[in-house]
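The following exercises concern the reading of a protein model. Each consists of a task and a solution that proceeds step by step.

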Amino acid sequence: MRQTAVPLSLPQGAGLIERAFTRLLLRMVQVTRVEAPQPDFRFITLQGESLEHCDWLPGDKVQIKLDGGLQTRTYTPFEFDPLSGRMRIVGYCHGPGPGAEWVRSARPGEAKAVFGPRGSLNLQNLASCTVLFGDETSFGLAAALRRDEPGLHCVFEVVSPTQSRAILQALGLEHARVIERRADDSHLDEAIDAMRRSAEIRTSFVLTGRAPAIQRVGRALKADGTAANQLRSKPYWALGRKGLD
Ligand SMILES: Cc1cc2nc3c(=O)[nH]c(=O)nc-3n(C[C@H](O)[C@H](O)[C@H](O)COP(=O)(O)OP(=O)(O)OC[C@H]3O[C@@H](n4cnc5c(N)ncnc54)[C@H](O)[C@@H]3O)c2cc1C
């Protein structure tokens, strides 16, 4: 691992294990820019020598260490420049949760320790038509994939269509289908219909975001005859579960 220019900023009470974990496994970076284009979203730029010359593929994840302990939360860089050691993430402030609180309060100059970037979903060899289902937590993945996959179609279930459309537009994903999430999940029928309409004979389906939504969409696609090798899925969060990676 390359030496980093950013000083380690471990909390005063950090124990031996936390210090060893941070020094040995994590890369030190600095928050260099925070944009708040919508109340519940932040574009956060992180930069550090430790990221220079790193390998990165669209869909890779980074685990960001939160202050005070060994907890991390997982995000998806949507831009990665190995020459300058700079990456950008879209953070969604969903409500209470240490990750969402960090996203909401992130400030330029703050030092962070990150694990990764490293592989998450295998997105190699997607079909020329790819349909991505997800939610606010999948916007970064969609923006990263869009560069290599011009035939990408996106369908998102979201809490606020107004905020989400503005963010998607800023990410160059203005053609994405945005569907408001309903508590009884009845909106998922609309999402599944939209995905079917976007599909061609050979289509890859990428399912990310809320675990029960992925399960339901996956079941519907399999019932349509979609083969297992056309489906790639990865839950990003689930009600009551913390810090999925
Ligand atoms: C591979 C991967 C990539 C990811 N990429 C991104 C990304 O680029 N941007 C991003 O914003 N998130 C991303 N996520 C999701 C993010 O890591 C989770 O939302 C995470 O739980 C947030 O941490 P937290 O501390 O706020 O909440 P946690 O402490 O982890 O969870 C507390 C509770 O909050 C609720 N919760 C968690 N997430 C959500 C949500 N999105 N909406 C509603 N309720 C929620 C759940 O009920 C959970 O039990 C990714 C996750 C994975 C696994």
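**Exercise 1. A salt bridge between distant parts of the sequence**

Task: Determine how the side chains of Asp67 and Lys112 meet, and where the two residues lie.

Solution. The model is a predicted one.
Step 1. The side chains of Asp67 and Lys112 form a salt bridge, with a distance of 3.6 Å from N to O. A salt bridge requires that this distance be within 4 Å, so the pair qualifies.
Step 2. Asp67 is located in the loop between strand E3 (61–65) and strand E4 (72–75), and Lys112 in strand E7 (residues 111–118), so the salt bridge ties together parts that are 45 residues apart in sequence.
Step 3. Asp67 has a relative accessibility of 61% and therefore counts as exposed. Lys112, at 2%, counts as buried. The cut-offs behind these words are over 50% for exposed and under 20% for buried.

**Exercise 2. Further salt bridges**

Task: State how many salt bridges a search of the whole structure finds, and examine two that involve Arg182 and Arg196.

Solution.
Step 1. The search of the whole structure yields 16 salt bridges.
Step 2. One of them joins the side chains of Arg182 and Glu190, at 3.9 Å from N to O. Arg182 is partly exposed, with a relative accessible area of 42%, and Glu190 is likewise partly exposed, at 32%.
Step 3. In another, the closest N and O atoms of Arg196 and Asp193 are 3.4 Å apart. Both residues belong to helix H5 (residues 187–198); because they are 3 residues apart there, about one helical turn separates them. Arg196 is partly exposed at 38% relative accessibility, and Asp193 is partly exposed at 34%.
Step 4. Salt bridges that share partners also join Asp135, Glu136, Glu157, Arg181, Asp185 and Arg210 into one network.

**Exercise 3. The two domains and their interface**

Task: Describe the contact between domain 1 and domain 2.

Solution.
Step 1. The domain assignment places domain 1 at 16–118 and domain 2 at 129–235. The centres of the two domains, taken over C-alpha atoms, are 24 Å apart.
Step 2. Domain 1 contributes 15 residues to the contact and domain 2 contributes 16 residues.
Step 3. The size of an interface is often given as the accessible area lost when the parts come together. Between domain 1 and domain 2 the buried area is about 1,300 Å², and carbon and sulfur atoms give 71% of this area. Of the area that domain 1 buries against domain 2, 38% comes from Phe41, Phe78 and Tyr92, more than from any other three residues.
Step 4. There are 0 salt bridges between domain 1 and domain 2, and the rule for polar contacts finds 1 residue pair across the interface, both residues being at pLDDT 80 or more.
Step 5. On the side of domain 1 that touches domain 2, strand E1 (27–38), strand E2 (41–47), strand E5 (77–81) and strand E6 (86–92) each supply at least two residues. E5 gives the most, with 3 residues. By class, this side of domain 1 has 10 nonpolar, 3 polar and 2 charged residues.

**Exercise 4. The surroundings of Ala220**

Task: Decide whether Ala220 is buried or exposed, and name its contacts beyond four places in sequence.

Solution.
Step 1. Ala220 is part of helix H6 (residues 211–223).
Step 2. With 16% relative accessibility, Ala220 counts as buried.
Step 3. When neighbours within four places in sequence are left aside, Ala220 is in contact with Ile192 and Arg196. Ala220 and Ile192 are 28 residues apart in sequence, and their C-alpha atoms are 7.4 Å apart in space.

**Exercise 5. Backbone geometry**

Task: Examine the peptide bond from Gly116 to Pro117, and the phi values of His53 and Asp185.

Solution.
Step 1. Most residues other than glycine have a negative phi, and most peptide bonds are trans.
Step 2. The peptide bond from Gly116 to Pro117 is cis, with omega near 10 degrees. Pro117 lies in strand E7.
Step 3. His53, which is not a glycine, has a positive phi near 65 degrees. His53 is in the loop between E2 and E3 and is exposed, with a relative accessible area of 54%.
Step 4. Asp185 also has a positive phi, of about 65 degrees. Asp185 is found in the loop between strand E10 (177–180) and H5, and is buried, with a relative accessible area of 15%.

Technical notes: Residues numbered from 1 in each chain as written. Predicted model: local features only at pLDDT ≥ 70, side-chain atom pairs only at ≥ 80, totals over all residues. Heavy atoms only, no water. Domains from an automatic or database assignment. Contact = heavy atoms within 4.5 Å. Buried area = accessible area lost by both parts, 1.4 Å probe. Polar contact = N/O pair within 3.5 Å; in protein donor to acceptor, adjacent residues only side chain to side chain. Helix = DSSP H or I, 4+ residues; strand = E, 2+ residues; numbered from the N terminus. Nonpolar A, V, L, I, M, F, W, Y, C, P; charged D, E, K, R; others polar. Buried < 20%, exposed > 50% of the residue type's maximum accessible area, 1.4 Å probe, protein only.
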